[in-house]
Amino acid sequence: MITIYGIKNCDTMKKAFKWLDEHAITYQFHNYKTDGLSRKQLQSFCNLIGWQTILNQKSTTWRKLDEAIKTRIINEETAQELILQNLSIIKRPIIIMGNKALAGFSADLYQQFFEN
């Protein structure tokens with residue numbers, strides 16, 4: 001089973017959905033806005049991808065944060081606390097397929113990910 005995590009109206013998510021649909025890849029969508037994200041799910045993401053990848057420091061949400069908050073993000077624990085309070089700060093989409101995971105979208109990365 002493939003699960004794609006993100007926010008429905010995100011432009012990057014729309015590109016990912018389109019790519020998956022065009023390649024007839026069946027997936028389940030987990031919307032952070034309506035379904036939330038548990039600490040256990042976030043820990044799983046961190047284990048598979050790493051918190052530095054999950055925490056999207058190029059996002060609008062990150063840029064709007066107070067500098068004092070940003071400087072407190074020094075390890076996985078502090079990153080997870082921030083992420084759970086600001087789900088829109090997660091790099092999108094995150095795809096989980098068994099014990100493999102991928103964050104972000106590019107057609108080339110998706111092609112490689114699903115070929116292996």
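This is a short tour of the strand pairings and a few backbone spots in a predicted model.

Start by selecting residues 2-6, which make up strand β1, together with residues 94-97, strand β3. These two pair in the antiparallel sense, with four bridges between them. To get your bearings on this pairing, click Ile-4: its bridge partner in β3 is Ile-95. While you have strands on screen, keep in mind that side chains in a regular strand alternate between the two faces of the sheet.

Keep β3 selected and add residues 100-103, strand β4. This pair also runs antiparallel and is joined by four bridges. Now pick Met-97 and look across to β4, where Lys-100 stands opposite. Two residues sit between the strands of this β3 and β4 hairpin, and Gly-98 is worth a click: its phi is positive, near 65°.

Next, step back along the chain to the loop between α7 (76-85) and β3, and select Pro-93 there. Show the backbone of Arg-92 as well, since what you want is the peptide bond from Arg-92 to Pro-93. That bond is cis, with omega near -15°.

For the last stop, go to the loop that links α1 (11-22) with β2 (28-31) and select Ala-24. What is the phi of Ala-24? It is near 50°, a positive value in a residue that is not glycine. Is Ala-24 buried or exposed? Turn on the surface: Ala-24 has a relative accessible area of 69%, and the cut-off for exposed is over 50%, so Ala-24 counts as exposed.

Note on methods
Residues numbered from 1 in each chain as written. Predicted model: local features only at pLDDT ≥ 70, side-chain atom pairs only at ≥ 80, totals over all residues. Heavy atoms only, no water. Pairing = 2+ DSSP bridges. Buried < 20%, exposed > 50% of the residue type's maximum accessible area, 1.4 Å probe, protein only.
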